[in-house]
Amino acid sequence: MENEPQDSRTTSMIIPLALPKGTEKLCELCQRRAHLQCTKCRVTFYCDAEHQQADWLGIHNRICQLLVPIRTPTLFSLQQAGRVETQLKKAELIEICRLVAESKLSEGKHQEALPAAQFCLRCSIDVHGPSTVQLVPAYLLLADANIGMGNLTLVAELLSQAEWAVLKSPDCGHAVHHRLHRSLGRLHAATGNLEAALLNFANDIYFASEEYGLDSIVTYGGYFLMADVFAKQGKMSIAHSLYSGVAHAWHSHLAKLLKTHIENVQKNPNLLLEPSFDKAQQVEVDGMLTTILEFVQNDPRKDSAEIALVAHCLAMLWFLGGDAQKVLGFGSTALQASQLIPNFDLTESIQGLLQLVQTMAPTDPHPHSD
């Protein structure tokens, strides 16, 4: 399987005498002297087994064979056409590494995201050169991974390099500015500089709205982070207002996705509990909505309408993720809250979702005994 550790038999010790005179192989992760090589591709090297395993789990299992033509010089690769082909293959690797790193970060796997983010940066430098704006996405991936690991000094250095690249490219797009300010906001929030965090999240929201629109869930991600900061400052009424806006945006978005999914199910009932939501994004959205649900449940006002709406969001999210038990759990919470409000407009939708899962979720008529 993809996330299984690499078998130790797929690495071997480097034999120094087999290398050309004056050459030394460096570790893929730390750039120290290497002592092991991957025997599957034979072009990737490590200082020890720990770094080999970390790289395999993080990215190497996805790109092992793709590295062979890039790292194996041939007569063709030295010609103009060969160099162009190599650059195209490196661009493909950058995209693969970006997607893998983003997926792992969304799932909160910061340590596992490091190898993909590191390779993404090195390959981007090879393709685009140093200090170019095209490196910013890789810098931000590395920064986000290190924020999750608490390496804040390194994060500040990475974001400083990203800022410099953006400053030198005044025409770079709104999406780059949005992501840069979001990462800067997270750094300042982590270091306790909450006013600076709010300023950066405000800029994040502005650039995200310019790129994706005011009502985009990407834009509302900035509002959620801003609400977190206001909550840390004890400004609960502001935090509540922002969390409410995020919840309503996600409710509208999930309701549309659910409607499309149910239409597809009507054509093919076997799709009922088949996941139709990206797993990595699902983990991220679940964390965000769970934070909001806990906030409104702990609010002294006990706003039943807000509790019902957020719990309904989570029920829809997990319906789209194919987890019937979580649908039932969050759906029950939503229904209990909605029944406290006469003629509440979501009650029927919540009941319909629960009935759909209860009547059509697959059951095992012959449970297995241990």
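**Entry 1: a cysteine to start with**

I picked C313 first and found it buried, at 0% relative accessibility. Before going on, a reminder to myself: this is a predicted model. Next I looked up who touches L289, and C313 is on that list, along with W250, L254, V310, L314 and L317, leaving out residues up to four places away in sequence.

**Entry 2: the big core**

L289 made me look up the largest nonpolar core, which has 56 residues. The residues with the most contacts inside this core are Y243, W250, L254, L289 and L293. Which helices supply at least two residues each? I got helix 8 (194–212), helix 9 (217–232), helix 10 (236–267), helix 11 (279–298), helix 12 (304–321), helix 13 (324–338) and helix 14 (347–360). Helix 12 gives the most, with 13 residues. There is also a second, separate core of 49 residues, and L93, V100, L141 and L184 are among its members.

**Entry 3: stepping back to the whole chain**

I counted up the secondary structure: 14 helices and three strands. The chain has 370 residues, and 45% of them count as buried. For contacts between residues at least 6 apart in sequence, I noted that 60% join residues at least 24 apart. The chain exposes about 19400 Å², and carbon and sulfur atoms supply 55% of that.

**Entry 4: helix 6**

Helix 6 covers residues 152–167, so I checked its length and its faces. From first C-alpha to last, this 16-residue helix reaches 22 Å, close to the 22 Å expected at 1.5 Å a residue. Its buried residues are V155, L158, L159, A162, A165 and V166. Why do I say they line one face of the helix? Looking down the axis of helix 6, I see the buried residues fall within an arc of 115°, so they sit along one face. On the other side, T153, W164 and L167 are exposed.

What do the buried residues of helix 6 pack against? I found helix 5 (136–149) and helix 7 (174–191).

I also clicked on A156, which is found in helix 6. A156 counts as partly exposed, at 36% relative accessibility. Its C-alpha is separated by 8.3 Å from the C-alpha of L184, and the two residues are 28 apart along the chain. I had already met L184 in the second core.

**Entry 5: helix 4 and what comes after**

Helix 4 runs over residues 110–128, which makes 19 residues. Its reach from first C-alpha to last is 26 Å, close to the 27 Å expected at 1.5 Å a residue. I listed its buried residues: A113, L114, P115, A116, A117, F119, C120, L121, C123 and S124. They pack against helix 1 (49–63), helix 2 (67–71), helix 3 (80–106) and helix 5.

Just after helix 4 I hit G129, with a positive phi of about 90°. Then I got to S131, in the loop between helix 4 and helix 5. S131 is not a glycine, yet its phi is positive too, about 60°. That caught my eye because most residues other than glycine have a negative phi. Is S131 buried or partly exposed? It is partly exposed, with a relative accessible area of 37%.

I noted R42 as another non-glycine residue with a positive phi, near 60°. R42 is in the loop between strand 2 (36–38) and strand 3 (45–46).

**Entry 6: cysteines and a histidine**

Back to cysteines, to look for disulfides. A disulfide is a covalent bond between the sulfur atoms of two cysteines. How many does the model have? The count comes to zero. I checked C27 as an example: the closest cysteine sulfur is in C30, and at 3.7 Å it is too far for a bond. The cut-off I used is 2.5 Å between the two sulfur atoms. C27 is buried as well, with a relative accessible area of 0%.

Last stop was H51, which has its place in helix 1. Which residues does H51 touch, not counting those up to four places away in sequence? They are C27, L29, C30, R32 and Y46. So both cysteines from my disulfide check turn up here. H51 counts as buried at 18% relative accessibility, because the cut-off for buried is under 20%.

Key: Residues numbered from 1 in each chain as written. Predicted model: local features only at pLDDT ≥ 70, side-chain atom pairs only at ≥ 80, totals over all residues. Heavy atoms only, no water. Helix = DSSP H or I, 4+ residues; strand = E, 2+ residues; numbered from the N terminus. Buried < 20%, exposed > 50% of the residue type's maximum accessible area, 1.4 Å probe, protein only. Contact = heavy atoms within 4.5 Å. Areas by Shrake-Rupley, 256 points an atom, 1.4 Å probe, with all protein chains shown as cover. Expected span 1.5 Å × (residues − 1). Arc of directions from axis to C-beta. Core = buried A, V, L, I, M, F, W, Y, C linked by side-chain atoms within 4.5 Å.
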